[in-house]
Amino acid sequence: MELLSTPVGRLRIIGFLEGLSFILLVGVAMPLKYYGGYEHATQEVGMVHGVLFVMYVLLAIPAIIDRQWSIKVSFLVLAASFLPLGTFVAEYKLFREEA
């Protein structure tokens, strides 16, 4: 798979998975916990989301260095992981241009 061969490609994949895990956390796990009584739903999905968040931040660093992004773009790439659905916006606005 060609995406796995570059730092930006790896960041794009993890960014997608991190965004998807956020949707699952908010859209599935939280309703299961608060309306379905399944107390552990947010713990399990939240753990996966947390690991993907950390992986995104760690993979952003080599991508920033490899692409020599400006401070502004670097900030936006890192900020995307903190904003709800920000990784999808980063994919659309930043990473597609790099592909």
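The legends below describe views of a predicted model.

**Figure 1. Overall fold of the predicted protein, built from four helices and zero strands.** From the N terminus on, the order of elements is α-α-α-α. The C-alpha trace spans about 50 × 25 × 20 Å along its principal axes. Helix α1 covers residues 7–34, and helix α4 covers residues 86–98. Among contacts between residues at least 6 apart in sequence, 60% join residues at least 24 apart.

**Figure 2. Surface and burial.** The protein has 99 residues, of which 32% count as buried. The exposed area is about 6,400 Å². Carbon and sulfur atoms supply 70% of that area. The protein carries 7 positive and 8 negative charges. The mean positions of these two sets lie 6 Å apart.

**Figure 3. Close-up of the aromatic pair between phenylalanine 16 and phenylalanine 88.** The count of aromatic pairs in the model is three, and this view shows one of them. The two rings sit 5.9 Å apart, centre to centre. Their planes make an angle of 75°. The pair is edge-to-face because that angle is over 60 degrees. Phenylalanine 16 belongs to helix α1 and phenylalanine 88 to helix α4, so the pair ties together parts 72 residues apart in sequence.

**Figure 4. Accessibility of the two paired rings' residues.** Phenylalanine 16 has a relative accessibility of 47%. Phenylalanine 16 counts as partly exposed because this value falls between the 20% limit for buried and the 50% limit for exposed. Phenylalanine 88 has a relative accessible area of 26%. Phenylalanine 88 is therefore also partly exposed, since 26% lies between those limits.

**Figure 5. Close-up of the salt bridge between glutamate 91 and arginine 12.** Side chains of opposite charge can pair when their charged atoms come close. Here the N to O distance is 2.5 Å. This distance is within the 4 Å cut-off, so the contact counts as a salt bridge. The count of salt bridges in the model is one. Glutamate 91 lies in helix α4 and arginine 12 in helix α1. The pair links distant parts of the chain, 79 residues apart.

**Figure 6. Burial of the salt-bridge partners.** Glutamate 91 is buried. Arginine 12 is buried as well. Both residues take part in the salt bridge of the previous view. That bridge joins helix α4 to helix α1, and the aromatic pair of phenylalanine 16 and phenylalanine 88 also has its residues in these helices.

How values were computed
Residues numbered from 1 in each chain as written. Predicted model: local features only at pLDDT ≥ 70, side-chain atom pairs only at ≥ 80, totals over all residues. Heavy atoms only, no water. Phe/Tyr/Trp six-rings, centres within 6.5 Å; stacked < 30°, edge-to-face > 60°. Helix = DSSP H or I, 4+ residues; strand = E, 2+ residues; numbered from the N terminus. Buried < 20%, exposed > 50% of the residue type's maximum accessible area, 1.4 Å probe, protein only. Salt bridge = Lys/Arg side-chain N within 4 Å of Asp/Glu carboxyl O. Contact = heavy atoms within 4.5 Å. Areas by Shrake-Rupley, 256 points an atom, 1.4 Å probe, with all protein chains shown as cover. Lys, Arg positive; Asp, Glu negative; His and termini not counted. Charge placed at Lys NZ, Arg CZ, Asp CG, Glu CD.
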